[in-house]
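Let's take a walk through this structure together, one piece at a time. Keep the viewer open and follow along.

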Amino acid sequence: MGETLIKPWAVSKTESEMSVACGNKWITLRCPLFITILIAYGLAAGVAHPQTQIQNPLENKNVLVLNAYESETPSSEKIIQGLSAVLQSGGIDLRQRFYDHLGLARNPDPEIRKLYMQLIGRRYSEHKIDLIITLFPESLNFLLDMGQSFFPATPVIALILPQGFKTPETDRRIIPHMVLPDLNRTLEIGLKLVPKAERIYVVNGAHRLDKWLENIARKDFKKWEDRLDFYYLSDLPLEKILATVSAAPANSIVYLTAFSQDVTGKYKRTPEVSQELANVSKAPVFGLLDTVIGHGIVGGSLVSFNYIGTKAGELALDILSGAQNIENIPVELKVHQMDIFDWRLLKHWNLSDSDLPKGSVIINREFSLWDLKYYFIGVLVFILAQSSLIIALLVQKRRRGLAEESLRQKSKELDQFFNVSLDLLCIANTDGYFLHLNPVWETALGYSRKELMAQRFFDFVHPYDLGRTREAISTLTSQGKVIQFENRYRCKDGSYRWLEWNAAPLGRLIFAAARDVTERLNAEHEARQRREELAHVTRIATMGELTTSLAHEINQPLTAILSNAEAARRFLSRTEPDIGEVRQILEDIILDDRRAGDVVQKVRALVRKEKPYDESLNLNKAIEEVVALIRGDSLLQGLSISMELKPNLKLIHGDRIQLQQVVLNLIVNSAAAMRNTPQPQRKIIVRTSMPDNLTVQLSVTDFGTGIDENNIERIFEAFYTTKPEGLGMGLSISQTIIKAHGGNLTASNNPEGGATFAFTLPIAQGEAP
Amino acid sequence: MTEEKAVVYVVDDEPSVRKSLERLLRSADYDAKTFASAHEFLKFSCSDTPGCLILDIKMPGVSGLELQDRLSEKDVSLPIIFITGHGTVPASVKAFKAGAMDFLQKPFKDTELLDAVSRGIEKHRRLRREQKETKILRARLETLTPREREVFDLVASGMLNKQVAFDLGITEKTIKVHRARVMQKMGAQSLADLVRFAEKLGIGSSAS
């Protein structure tokens, strides 16, 4: 009936600016489109908000409402409606809310009131009342007069007190709410909606309160009187009032303030009067109280009892929850009027809702399809969103199906590879167990796969290789990249196989492929050993050739020493010995002895068979030592060696003896190539240079027969030789040594005849520019 | 008659060896002249005195053996004492074949060297003497008439006067006169002297 139920979309166009909801049933939907989408995706995502049970701090709080009138009095009804809704939502449920409708107007007898108070006292003796809310001044007066001992410390919110109401002297804490009706605003709105209005019919009853409002109206409307004609109808009986209004011309506004009793003493409540007025009026009816909205009036800036109840409820919750200290509670509850309009009546009077003030609440809106466009769009978007979601899910499902199929296919292929691979493939976990092995394992190591998977794989690793295997696994898991390493695995027959691993981690799994490299390693080992032996043999052989030269080298100083000594003895045996001459001789002897000692040192260094020794060395110096040693060698008979050594050559890293052996070998080869070269051209040039900042180069150039172009590829092969007495090992070993030093040995024929052998070596670390 | 002072030449690329040898020779009262290379020695014109050459067999550039060849080509008769760090058989054989006096292996005792030097010088003196004698004989040979030369050749080859007369188709008496002339011109006291001269001059022995 008269209940104002506002649907979610029943809001004005200016809803986005409206920040206050009028009561619990008014739900504002600021942007339906957005929310619809949100809901759609919320559903899709299956979002669920867990309900958290919050301890209710107001569980033991009780509120008593003392209504001066009857429960069905429209204003009381609306106040209690707003109030109850807020209290309920704030945690004061029905059991904590108490209502007493006192009907004081009908029972003015003080004796009855006294009894009433006693009854109330008894009624609430079992409870504790934490807050009292009085409706209308009569109930406040009743409480203060009769109920001084009724929960005297409990604060009171006193609603609907007339302007200028004087609160009686009391110790109770009272928060008064004064009604300060603003009648101008409704008129202003009315004039905007009905711009050609010239007559204003002001309707109200003859009751004290009605007249009070009329007085306010008369005062407020004074300023309009030169423009408008005002007709105050309170001194007419209701029938006459209705008749007058029905005769009012169209350019009028009917303004109903409040009505409870007409001059004849006939009671009629405002909503009823409102409906009757609307039924007969030829002009739009505006109002002051929200009790009349829905009863034929267009609307207006209304004193909203519902809103008063709401605000009172909010204040009550604040007080009870202690959010507002009793000291901080406002001295007065202020509630402004609300602009409320009835859409049906706006349409009926053909008034444009665009003239309504911003923030107006519109009730009973009937929607055209166009008005519902956002709703439809919202629904449409929701449907679209849902449909696309469903389609997406279907597509995804199909894709997953295809992917699964292709995965199945892939894994089948992989299985096939896994089974036919000649390499040892495995998946292991980081705890050290094989999880999956391919069949080759069984033939390679002799165990069944079951046996291999029963133990930690570390148990199969050669004890010497355990350390590096563990290290590899830990590097694998900590750094997460592919690594290579080698280790030995024990076969079932007790022998060991060398495995070369390539492993990659994936989570807690290790994917690894191994290859049995035992044969290759054995061959390499053997070859290396043979090479080392041969290198030694060659060194010794070279030394054999060199002994003569070395003997010569040592013999020179020895010869000089002996001759000098004997000459000295002869000089001394003379009658007048020349002591100065003898001293000179002795000094020369000492010098020659030192020379001989140096030669012995060099020989020792060359002959010793040493493991490769790593040191930073100056290639120039190494070359000079070699050339010093072989100077005078029979091989180099009639042959000159010139050295063109680059000064400040960067240091290189390596084994001095080995590199000297290479240099020696190249020089000896060059000398051999020039056996038949005419004497003047028998020359060897040893050069050092730096082709770039990081490389040192040595070259040995001769002017001999050169290299047969057909065999230039083969000269570095082992056992290839052009010398009848040669082993063919020199260049092969030299190449091995240079490669081991990170360099390369090359040979080429000179355009002017002869050949040049050259090698490059990287400079030592720390020497880089 | 006092002997001419001998000069000992030393060729060795090793300065310290060179120096020590020079000292040793000086201590034995020889005149020593040192050279760092064969080339240097070849440029030097030796004085016409007895002496010998101490030569390092192994040197850069022209080696000791090569120098020996060059000297024999130039008809230098200096006896050569080779010194070497190590005796290689082929080198020493080659050296001796080419007329090396001695072959010493370094290091050597002073007496070894000095003995070799003294032997070498003695040999050089003898050589020089013989060369001188031959030179005189050759000059005397130049004075013979062709007929006398014919007679000399045949007599020196050991033929009797009668055989010579028959060979040349003249009388034995005439041969005797020619023979007396040859003996006189050549300064021979006896037939034995004449045969010896012929031998020195390389005459007669080849004729038959």
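Here is a guided look at a sheet, a helix that packs on it, and a pair of helices elsewhere.

One thing up front: this is a predicted model. Start with chain A, which holds 19 helices and 24 strands. Of its 769 residues, 35% count as buried. Take the contacts in chain A between residues at least 6 apart in sequence: 66% of them join residues at least 24 apart.

Now zoom in on an open sheet of chain A. Five strands make it up, in the order β19-β21-β22-β24-β23, and the pairing is mixed. At the edges you'll find β19(A), residues 640-644, and β23(A), residues 744-749; each has a single partner strand, so one side of each is left without a neighbour in the sheet. Going from one strand to the next, the twist averages 20°.

Let's step across from the β23(A) edge. β23(A) pairs with β24(A), residues 755-762, in the antiparallel sense, and six bridges hold the register. If you want a landmark, N744(A) sits opposite T760(A) of β24(A). Next, β24(A) pairs with β22(A), again antiparallel, this time over seven bridges. Here L698(A) faces F759(A) in β24(A). L698(A) of β22(A) is also the bridge partner of T688(A). That takes us to β21(A), which runs antiparallel to β22(A) and is joined to it by six bridges. The two strands form a hairpin, with two residues between them.

What packs on this sheet? Helix α18(A) does, touching β19, β21 (683-692), β22 (695-701) and β24 of chain A. The direction of α18(A) makes about 25° with that of β22(A). The helix covers residues 656-673, 18 residues in total, and spans 26 Å from its first C-alpha to its last, close to the 26 Å expected at 1.5 Å a residue. Of those 18 residues, 16 are buried, so α18(A) is largely enclosed by the rest of the structure.

Finally, hop over to chain B. Helix α7(B), residues 161-168, packs against helix α8(B), residues 172-186, at an angle of about 110°, with the axes 9 Å apart. The two are therefore roughly perpendicular to each other. On the α7(B) side, the contact is made by N161(B), K162(B), V164(B) and A165(B), while α8(B) brings E172(B), I175(B), K176(B) and R179(B). Sort the residues of this contact by type and you get three nonpolar, one polar and four charged.

Technical notes
Residues are numbered from 1 along each chain as its sequence is written. Chains are lettered from A and ligands numbered from 1 in the order in which they are written. This is a predicted model: local features need pLDDT of at least 70, side-chain atom pairs count only at pLDDT 80 or more; totals for chains, interfaces and linings use all residues. Helices (H or I, at least four residues) and strands (E, at least two) are DSSP runs, numbered from the N terminus. The expected span of a helix is 1.5 Å times one less than its number of residues. A residue is buried if 20 or more other C-beta atoms lie within 10 Å of its own, exposed if 12 or fewer, and partly exposed in between; C-beta atoms are placed from the backbone. Two residues are in contact if their C-beta atoms, placed from the backbone, lie within 7 Å. Axes are lines fitted to C-alpha atoms, for helices over the stretch in contact, and angles run from 0 to 180 degrees between N-to-C directions. Angles under 35 degrees count as roughly parallel, over 145 as roughly antiparallel, 65 to 115 as roughly perpendicular and the rest as oblique. Ala, Val, Leu, Ile, Met, Phe, Trp, Tyr, Cys and Pro count as nonpolar, Asp, Glu, Lys and Arg as charged, and the others, Gly among them, as polar. Two strands pair if DSSP finds at least two bridges between them.
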